[in-house]
Amino acid sequence: MNDLEQRVDRAVGRFVTDRTPGCALLLAKGGQVLYRKGCGMADPERGVPAGADDNFIIASNTKQFACLATLMLRDRGLLSLDEPIERFFPDFPDYRKTITVRMLMTHTSGIREYFENADAAEKDRLRTAETADVLDLIRGFGGALGFAPNTAWSYCNSGFVMLGDIVRQLTGKPFGRFVETEIFTPLGMGASRAPDDMSARDPRQVPGFVETQPGVFERQPYDMLLVGYADGNISSNVDDLLRWHHFLFETDGAPLVKPGTLREMFAPHRLADGRDIHYALGWFLGPMEAQQRGYPGHREIWHTGSVPGFISRVSRFPDDGVSAILLTNWDGIARDELYFAVLDELFRGE
């Protein structure tokens, strides 16, 4: 066991044990895996330890794949990122004439968030809802927007459910099926799944848990609040996500997209008044919050994900060639404290 491995083990051990749900963690640099382990428990109820091969729901880290799918269709000449969404949603309120595909991809549409604006009955129905049901809910919010399109930024899962339906309309494949056949298979991401409904459950996925009181963990039901849509339906493991990073950061995008297309995923979006929102296409750019330390001199491209029972945080430090991938089955884990404790060890002495 090398020094880095020992130090990372100690850092992770402060947060997960053999009595808690756990995580899978991978650190890599320049194509070399520096650390790859499962820690804690995949199923504390049954005494099953977490393994590095386990699949976890990656939740909103799915948005990277939704953006790539949309770029693939753009490169095929099937849409423009700057066209209004009216062609795809002709029965939506008048905002369909001014909101563009790109605004859905960058959380700048102003469309209301379906999670936050659904009432109790609607949230209950979401447990078994299909994409069409969620679209009905979004349309039913009416024409009032949170802000004029492209004048502000507000995280919006609704826009990504809509992107998934655009993929379906243009390809004839549900979003998850498109991702599995046209992204996962070509990239060799053989363990990853993108179920479009509860019938396509990933057999490799570990159960997710919520801590209801100190030391008491409740298994989460397998329903559409867990499975998600194009805003968060992918389950994967650390090895497949490292393959994803290799494609994104170490190739020119062939054979999936044209040369130069991948660079668009990491170009900061600017609002109508020119302000940089520090978000690109499915990726945040720079430190997550002002109060968190960040790493001066280490530019970061990152995203997080969270659904009941699962949390993820995935980063690329492009100037260092470093990937950091954390997947957990514990909703409530001290994700950021754990993550930055690990990065402290990785960047120690620099």
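Buried here means under 20% relative accessible area. Keep that cut-off in mind for the close-ups below, which come from a predicted model.

**View 1. Phe284 and Trp302 stack on each other.**
Start with Trp302: its relative accessible area is 2%, so Trp302 is buried. Phe284 has a value of 17%, so Phe284 makes the cut-off for buried too. The two rings form a stacked aromatic pair, with 4.4 Å from centre to centre and 15 degrees between the planes. This pair ties together distant parts of the chain, as Phe284 sits in strand β9 (residues 284-285) and Trp302 in strand β10, 18 residues apart. Zoom out a little and you'll find both in one aromatic cluster, along with Trp153, Tyr155 and Tyr279.

**View 2. Trp244 and Phe247 pair up within helix α10.**
The structure has 17 aromatic pairs, and here is another stacked one: Trp244 with Phe247, 6.1 Å centre to centre and 25 degrees between the planes. Both residues belong to helix α10 (residues 238-250), where they are three residues apart, or about one turn of the helix. Trp244 and Phe247 are both buried.

**View 3. The largest pocket draws on α4, α9 and β10.**
This pocket holds about 350 Å³ of space. It has 24 lining residues, and those closest to the centre are Phe115, Asn157, Asp231, Ser306 and Val307. At least two lining residues come from each of α4 (114-117), α9 (224-227) and β10 (301-307). Which element gives the most to the lining? That's β10, with five residues. Sorted by class, the lining has 13 nonpolar residues, eight polar ones and three charged ones.

**View 4. The second largest pocket is lined in part by α6, α7 and α8.**
Here there is about 260 Å³ of space. Of its 17 lining residues, Thr131, Arg168, Pro174, Phe175 and Asp196 come closest to the centre. Two or more lining residues come from each of α6 (131-140), α7 (157-171) and α8 (175-187). The largest share belongs to α7, which provides four residues. As for the mix, seven are nonpolar, five polar and five charged.

**View 5. One cavity turns up in the whole structure.**
A search for cavities of 30 Å³ or more finds one, and the space in it is about 30 Å³. Look around its wall and you'll meet Tyr95, Ile111, Arg112, Ile138, Phe141, Gly142, Ala144 and Leu145. Six of these lining residues are nonpolar, one is polar and one is charged.

**View 6. Cys67 and Cys156 stay unbonded.**
There are zero disulfides in the structure. Why does Cys67 have no such bond? Its closest cysteine sulfur, in Cys156, is 13 Å away, which is too far. Seen from the other end, Cys156 is in no disulfide either, with the sulfur of Cys67 as its nearest. Both cysteines are tucked away: Cys67 counts as buried at 0% relative accessibility, and Cys156 is buried with a relative accessible area of 3%.

**View 7. Three strands make an open sheet.**
Read across the sheet and the order is β7-β6-β13, with mixed pairing. The edges are β7 (216-219) and β13 (330-331); each has a single partner strand, so one side of each lacks a neighbour in the sheet. Strand β6 (residues 209-213) runs antiparallel to β7, and four bridges join them. To find your place along this pairing, look for Phe209, which stands opposite Arg219 in β7.

Notes:
Residues are numbered from 1 along each chain as its sequence is written. This is a predicted model: local features need pLDDT of at least 70, side-chain atom pairs count only at pLDDT 80 or more; totals for chains, interfaces and linings use all residues. Side-chain values use heavy atoms; hydrogens and water are left out. On a 1 Å grid over the protein atoms alone, a cavity is a set of points where a 1.4 Å probe fits but cannot get out, and a pocket is an open set with protein on both sides within 12 Å along at least five of seven lines; lining residues have an atom within 4 Å of a point. Grid points are joined across faces, edges and corners, and a volume is the space filled by probe spheres set on the points. Ala, Val, Leu, Ile, Met, Phe, Trp, Tyr, Cys and Pro count as nonpolar, Asp, Glu, Lys and Arg as charged, and the others, Gly among them, as polar. A disulfide is a pair of cysteine sulfur atoms within 2.5 Å. Buried means under 20% relative accessible area, exposed over 50%, partly exposed in between (1.4 Å probe, protein chains only). Two strands pair if DSSP finds at least two bridges between them. Rings of Phe, Tyr and Trp (its six-membered ring) pair if their centres lie within 6.5 Å; planes under 30 degrees apart count as stacked, over 60 as edge-to-face and the rest as tilted.
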